[in-house]
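Q: Please take a close look at a single part of this structure, and explain it to a reader who is new to it.

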Amino acid sequence: MPSITKEFIDKNLWNNYVETHNSWAFFQSWDWGEIQKSLGNEVVRWGFFEGKKLLGVAQIILIEAKRGKFLHVRHGPVFGLNNDKLWNLFIDECLILGKERRADFIRVSPMIENSCDNQSLFIKKGFRLSPLQAMDAEICWILNVKLPEETLLSQMRKSTRYLIRHAEKLGITVNESTDINMFLSLYGETAVRQEFVPHKGIKEEFELLSKSNKVYLLFAKDGKKLLAASLFVHFGSQFIYHHSASVPTKTGATHLLQWHAIKLAQKLGVEYYNFWGIAPLTSNRHPWRGITLFKQGFGGEEKRFLHAHDLPLTPYYLVTYAVESFRKYTRGY
């Protein structure tokens, strides 16, 4: 019978397990939990063992939002799907924790194959599809960077190659930086111009991941003028395009910055450059449609993971369901 350890303290064992068994599950990394702690969120880490063998992990974050309080197992849990005893133990313990924290529901979003079999596994255990729009790179665009540079360039859209060369001819430069405050300033301007809600915790993410050399900040400049900036995370076998900001320009600066990031990913020896989330390819009104077309221009392929599932704990979950469904519809998701 599997057992659970609720005071998991071995960071290296945890990260090695996640990166080995599901390197797509960035939000289950130990460092991401530390970032959430720095933002004032409660983080619970469970390890599942059979004897001394680690069978799986689950990093749980208590979210207190206006739409309801819930336990968020973001990108997790990370363990085998066919181990019913393990799943039952996980759910039982989540129910106990949920009642202790007075949560309204439990939300899980493991980075596993999007299939009817996997979905039915959750439905049989009382979960239901979350009304939340596709988030957390559930539908992402990835590029195999093990290929030669010439091949990567040839697979790009013609207009993408042109803009990269155009930026180079204009003398646009791309360099690494540690000036997170300059990035945040441009990011704030971009959020106002493009009318999106800025992510919280970017500075905390940069500062914490910098300690383990897992985060990179690239700036594209025309002389001293900052045109574009992006923050990237190295996790497991992937290099993640996580946050970005830019000014309106026709110089091709954002395209050149991406090309430099792809070549940096090659130097780091990862397998995939992960462009992160994209809009469903069947949607023409999705808010991410423009950025999706931008990402697809570099070549690559779509990768889909199972949509988030919720396990209601109180009747108030219906309020959350209604609010998130309404937001999803009105915002075009």
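A: The part chosen here is helix H6, residues 158-169. Its 12 residues should span 16 Å at 1.5 Å a residue, and its end C-alpha atoms lie 17 Å apart, which agrees; the expected span is 1.5 Å times one less than the number of residues. Helices (H or I, at least four residues) and strands (E, at least two) are DSSP runs, numbered from the N terminus. This is a predicted model, in which local features need pLDDT of at least 70, side-chain atom pairs count only at pLDDT 80 or more, and totals for chains, interfaces and linings use all residues. Residues are numbered from 1 along each chain as its sequence is written, and side-chain values use heavy atoms, with hydrogens and water left out.

The buried residues of H6 are Thr160, Arg161, Ile164 and Ala167. Buried means under 20% relative accessible area, exposed over 50%, and partly exposed in between (1.4 Å probe, protein chains only). Seen down the axis of H6, these buried residues fall within an arc of 130 degrees, so they line one face of the helix; the arc is that of the directions from the helix axis to the C-beta atoms. An α-helix has 3.6 residues a turn, so residues three or four places apart point the same way. On the other side of H6, Lys158, Tyr162 and Lys169 are exposed. The cover over the buried residues includes helix H5 (149-155) and helix H9 (253-268), where contact means heavy atoms within 4.5 Å. Just after H6, glycine 171 takes a positive phi of about 85 degrees.

Further along the chain are helix H7 (residues 180-194) and helix H8 (residues 202-210), whose axes come within 10 Å and cross at roughly 155 degrees. Axes are lines fitted to C-alpha atoms, for helices over the stretch in contact, and angles run from 0 to 180 degrees between N-to-C directions. H7 and H8 are therefore roughly antiparallel to each other, a term for angles over 145 degrees. The contact is made by Ile180, Asn181, Phe183, Leu184 and Tyr187 of H7, together with Ile202, Lys203 and Phe206 of H8.

Glutamate 195 is found in the loop between H7 and H8. Its phi is near 60 degrees, a positive value in a residue other than glycine, and at 75% relative accessibility glutamate 195 counts as exposed. Asparagine 213, in the loop between H8 and strand S10 (215-222), also has a positive phi, near 55 degrees. At 58% relative accessibility, asparagine 213 counts as exposed.

Methods: Angles under 35 degrees count as roughly parallel, over 145 as roughly antiparallel, 65 to 115 as roughly perpendicular and the rest as oblique.
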